Every structure is written in C-alpha cells, then in structure tokens.
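Hi,

Here is the structure I promised to pass on. Could you have a look when you get a moment? My notes are underneath.

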Amino acid sequence: MNTLHDTPLADLTVEFGTRPEMPALPEATEQDRRMGRRLAAIHRMHLNDVGRIGIVLDRIEVDEASGEDLSAALLSASFAQNVRQFGSLCGRECKVLTFHHDAEEYSLFPELAGKGNDALRAVVARLVEEHKVVHELLIRLERAAMALMFEVDAEKFNEARAVFRQLESVVHSHFGYEETQLEEAIGVLGVGV
C-alpha cells in the first residue's frame, strides 16, 4: 500500500489480507499485561471522542430523517450549528489521532520491532500499513470538516458523514487488533506507552 489518495472510500479499510498474529509470550506476567493495557486505555479515550462525534452526527441524521429534506434542514440555524459542531469536532479529533499515530510510528513501533522477534516485527509492519489507511481517512475527514466549517451544504455534509463512518469502522478494528497483539509485548519488552 503506497499512496492511497486515489483509493475509493469503500476500499480504505484495514480488513485486507490476513493479519499476522503475535503468539502468547510465556514469560508475560499480569504486570506486563497491565503495562500493555495502557495502550488500550489511550485508545478508549480516542474511541470516546469518536463516539461523541458520532452522537452529534446521529443528532443531525435524526433531524434529516424527520421528514425534512436535508437542503431545507440546512436552512435551520440549529441544524447548521450541529453540522458545524460535527465539522469542528472531526477536525480536532483528526489532529489528536494523527499525533497518537505519529507517537506510535516514531517511538513505540520502532522500539518494539527492534526488541521483538519476527512475529512481532510482522505485526508492527501490518500496523504501520494500517496506519496509512487511517492517515488517509484522517486527511479526507479533516478536509471535509474544514469545508463544512465554511459552508454547510448537503453534498459537503454527506461527504463528511461517509468519511467519518468509514474512519470510525477502521479505527475500531485497528485499535482492537493493535491492543490484542501488543498487550504482552509492551510489558515484556519494557516499552513505554
């Protein structure tokens, strides 16, 4: 996976091929697993923020589904405010998730790969590939969110909604894989999260 900017939205997924698996580390203790679960705690924070954005989106979609045509609903000040809030929250979360992934890619992943075995290196390589998908979705969502901040219209909203829903699905899958595969290694190898 090299450049993804021309990839159709539906194809931006982390559900490709077989994900390598990290075998259990027999030397891992409960303390090691607790260290690894710090990553899951950080992920929960991000998923909570994504969930809050989803709630705003759900509120917008309920207004849209109430029988009003979206373009008519866009004329409503409260609806437009909700759409702008959605755009603002998306833009903020894009920056926060980008920072999180950069920290993993420039610190956590190289340290794990350097100290780990071939299985761990394969998992890290897959996670780096998945980050490319997440990154492309973050770029698209940030652009769509910024467009909504300047002009609320049905086309811009629908684009932002589609990208957000795809990112939401990808991030849940990616975080789950990352947490299960790295939980023991983080503690056993003494890698800080």
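Below is what I found, going from the overall fold to single residues.

Before anything else: this is a predicted model, and every value here is computed from it.

**Overall**

The protein chain is helical, with five helices and zero strands. Reading from the N terminus, the order is simply α-α-α-α-α. There are 193 residues in the chain, and 44% of them are buried. The accessible surface comes to about 9,600 Å², and carbon and sulfur atoms hold 55% of that. As for how the chain packs on itself, take the contacts with a separation of 6 or more: 86% of them are between residues 24 or more positions apart.

**The cores**

In soluble globular proteins, nonpolar side chains tend to be buried together. In this model the largest nonpolar core has 31 residues, and F86 and F164 are the ones that touch the most other members. Helix 1, helix 3, helix 4 and helix 5 each put at least two residues into this core. There is also a second, separate core of 16 residues, with A28, L127, L182 and I186 among them.

If you want a place to start looking, try F86. Which residues does F86 contact, once neighbours within four places in sequence are set aside? The list is I53, V56, L57, I60, L148, F157, A160, R161 and F164. So F164 turns up in that list as well as sharing the top spot in the core with F86.

**Salt bridges**

A search of the whole structure gives 17 salt bridges. Here are a few that I looked at in detail.

- E179 and R44: their side chains meet at 3.2 Å, N to O. This pair ties together distant parts of the chain, with E179 in helix 5 (residues 154–188) and R44 in helix 1, 135 residues apart. The two ends sit in different surroundings: E179 counts as buried because its relative accessibility is 16%, under the 20% cut-off, while R44, at 38%, counts as partly exposed.
- E142 and K95: here the N to O distance is 2.3 Å. This one also links distant parts of the chain, E142 being in helix 4 and K95 in helix 3 (residues 77–115), 47 residues apart. E142 is partly exposed, with a relative accessible area of 24%, and K95 is exposed, at 53%.
- E129 and K132: the closest N and O atoms are 2.8 Å apart. This is a bridge inside helix 4, and because the two are three residues apart there, about one helical turn separates them. E129 is partly exposed at 22% relative accessibility, and K132 is partly exposed too, with a relative accessible area of 31%.

There is a salt-bridge network as well: it links E30, R33, R37, E183 and E184.

**Some single residues**

D49 may be worth a click. Is D49 buried or exposed? D49 counts as buried, because its relative accessibility is 11% and the cut-off is 20%. D49 sits in helix 1 (residues 30–65). Apart from its neighbours within four places in sequence, D49 is in contact with R92 and E93.

K156 is in helix 5 and is partly exposed, with a relative accessible area of 23%. Its C-alpha atom is 8.4 Å from that of A145, which is 11 residues away along the chain. Beyond its neighbours within four places in sequence, K156 is in contact with A147, L148 and E151. You will have seen L148 already, in the list of contacts for F86.

Last, the surface. Which residues make the nonpolar surface patch of about 330 Å²? They are M146, M149 and F150. F150 is in helix 4 (residues 118–150), and it counts as exposed because its relative accessibility is 68%, where the cut-off is over 50%.

**In short**

If you have time for just a few things, I would open the 31-residue core with F86 and F164, the bridge between E179 and R44, and the patch made by M146, M149 and F150.

Cheers

Conventions
Residues are numbered from 1 along each chain as its sequence is written. This is a predicted model: local features need pLDDT of at least 70, side-chain atom pairs count only at pLDDT 80 or more; totals for chains, interfaces and linings use all residues. Side-chain values use heavy atoms; hydrogens and water are left out. Helices (H or I, at least four residues) and strands (E, at least two) are DSSP runs, numbered from the N terminus. Buried means under 20% relative accessible area, exposed over 50%, partly exposed in between (1.4 Å probe, protein chains only). Contact means heavy atoms within 4.5 Å. Patches are made of residues with over 30% relative accessible area and no salt bridge: like charges are joined within 9 Å, nonpolar side chains (Val, Leu, Ile, Met, Phe, Trp, Tyr) within 5 Å. Accessible areas come from the Shrake-Rupley method with a 1.4 Å probe; for residues, only the protein chains shown count as cover. A salt bridge is a side-chain nitrogen of Lys or Arg within 4 Å of a carboxyl oxygen of Asp or Glu. A nonpolar core is a set of buried Ala, Val, Leu, Ile, Met, Phe, Trp, Tyr and Cys residues joined through side-chain atoms within 4.5 Å.
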